[in-house]
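Colleague: I would like a close look at a single part of this model, namely how its helices pack against one another. Could you take me through that packing in one connected account?

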Amino acid sequence: MSKTVIAVALLATFLAGFAGGYLFNFTSKPTGAQAQTIRITVSTTTSLYQTHLLDDLLADFKNTTGLSAEFSVLAKGSGEALRLLSDGSACLGFTHAPSLELKYILNGSIVRLSIFAYNEFVIVGPRDDPAGVSNATSAVDAFKKIYDAGEKGLAKFVSRGDNSGTHVRELQLWKLAGLDPSKKTWYLVSGQGMAQTLLMADNTGAYTLTDVGTLQSLVSQGKISNLVVLLRDPKLLINVYSFYVSSSQSCRSKDVSNLALLLAEYLNTRGQQLIASKYKDLFSPALQNLTTIESAWLELSKLA
């Protein structure tokens with residue numbers, strides 16, 4: 001799918017929402033319900049939740065706007081977070097899986113309101129690096145080395161296995177490498193969030209793919225003792241976080257739509273400052289490199 005087609009699709013979904021009457025002025029505040037508490041369900045990828053970035057953003061948003069709002073946060077993998085958005089179980093969502101996000105954008109079930117942060121995935125593994133990942137020329141080459149070492153009984157790999165953004169990127173890398181490790185004994189599946197998956201890899205001397213934010217958070221807490229970063233790949237391992245609102249009928253109230261747009265405005269302004277000042281080692285604010293980050297999102301959205 002071309003960049004032009006995707007860009008037109010993104011614009012079309014935004015305009016469809018506007019025409020449907022559920023998008024409002026960015027600077028307007030909810031009316032008629034300001035004295036009432038707005039309760040809204042939010043689905044999010046686990047990395048934003050486990051690093052506490054989302055909690056801080058939502059708390060600062062409420063303090064800044066003075067809105068009386070209660071956010072019920074469901075921390076899931078991006079695949080499940082997007083499903084909850086699409087059926088209206090959650091009205092707002094924070095995810096990092098461009099290829100999955102594009103599918104929901106194109107079927108009209110979600111509208112993207114902001115790309116607000118990014119960092120990178122990294123390949124981590126044991127210090128002695130039996131697969132030689134540190135000598136790989138790319139993330140795809142690294143996965144080939146892990147596969148070869150696994151077949152020789154020299155290495156293990158822990159997968160999230162939960163249709164999260166991290167799991168989706170991992171599967172894309174295996175596909176680009178032309179390999180399928182899913183039935184191999186050295187290929188372990190945690191079925192859990194990123195923090196739990198990293199602890200499993202650390203305890204078993206295995207390789208894994210992780211977002212750098214969750215990794216650094218655990219390292220700073222002294223919970224990681226054996227894993228080290230072995231490979232970075234700016235092209236294939238950039239990690240983009242986006243904010244979405246559900247197009248479900250159950251999420252089309254004025255309170256929800258106005259709050260969603262105010263939150264998007266916050267994420268693109270004051271929220272950028274919070275990310276840069278308090279989470280500078282874990283995440284980067286997207287606005288300062290927005291054109292580059294949007295281009296990266298488009299390229300990643302096209303990966304099968």
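Modeller: Contact here means heavy atoms within 4.5 Å. With that cut-off, A139, V140, F143, K144, I146 and Y147 in α6 meet E170, L173, W174, L176 and A177 in α7. By class, the residues of this contact divide into 9 nonpolar, no polar and 2 charged. The model is a predicted one, and the protein averages a pLDDT of 89, with 88% of the residues scoring at least 70.

Two packed helices are described by the angle between their axes and the distance between the axes. For helix α6 (residues 139-151) and helix α7 (residues 165-177), the axes come within 9 Å and cross at roughly 80 degrees. That crossing makes α6 roughly perpendicular to α7.

Taken alone, α6 has 13 residues and reaches 19 Å from its first C-alpha to its last, which is close to the 18 Å expected at 1.5 Å a residue. Its buried residues are A139, V140, A142, F143, I146, Y147, A149 and G150, and these pack not against α7 alone but against β4 (110-126), β5 (157-159), α7 and β8 (227-231). After α6 comes G153, whose phi is positive, near 75 degrees.

From α7 the path leads on to the C-terminal helix region through Q172, a residue that lies in helix α7. Q172 is buried, with a relative accessible area of 5%. Leaving aside residues up to four places away in sequence, Q172 touches S99, L300, L303 and A304. Two of these partners recur in a second helix pair, since S99 in α5 and L300 in α12 both belong to the set in which P98, S99, E101, L102 and I105 in α5 meet W297, L300 and S301 in α12. By class, the contact of α5 with α12 has 5 nonpolar, 2 polar and 1 charged residues.

The axes of helix α5 (residues 98-106) and α12 come within 7 Å and cross at roughly 85 degrees, an angle that makes α5 roughly perpendicular to α12. In α5, 7 of the 9 residues are buried, so this helix is largely enclosed by the rest of the structure. The buried residues of α5 are P98, S99, L100, E101, L102, Y104 and I105, and α5 is followed by G108, whose phi is positive, near 80 degrees.

As for α12 (residues 290-301), its 12 residues should span 16 Å at 1.5 Å a residue, and its end C-alpha atoms are 16 Å apart, which agrees. The buried residues of α12 are I293, A296, W297, L298, L300 and S301.

To set these helices in the whole chain, the protein has 12 helices and 10 strands, and buried residues make up 55% of its 304 residues. Among contacts with a separation of 6 or more, residues 24 or more positions apart account for 81%. Some caution belongs to other stretches of the model: pLDDT stays under 50 over residues 4-8, for which the model has 6 contacts beyond four places in sequence, and pLDDT likewise stays under 50 over residues 11-28, for which the model has 27 such contacts.

Note on methods. Residues numbered from 1 in each chain as written. Predicted model: local features only at pLDDT ≥ 70, side-chain atom pairs only at ≥ 80, totals over all residues. Heavy atoms only, no water. Axes fitted to C-alpha atoms, helices over the stretch in contact; angles between N-to-C directions. Helix = DSSP H or I, 4+ residues; strand = E, 2+ residues; numbered from the N terminus. Parallel < 35°, antiparallel > 145°, perpendicular 65-115°, else oblique. Nonpolar A, V, L, I, M, F, W, Y, C, P; charged D, E, K, R; others polar. Expected span 1.5 Å × (residues − 1). Buried < 20%, exposed > 50% of the residue type's maximum accessible area, 1.4 Å probe, protein only. pLDDT = per-residue confidence, 0-100.
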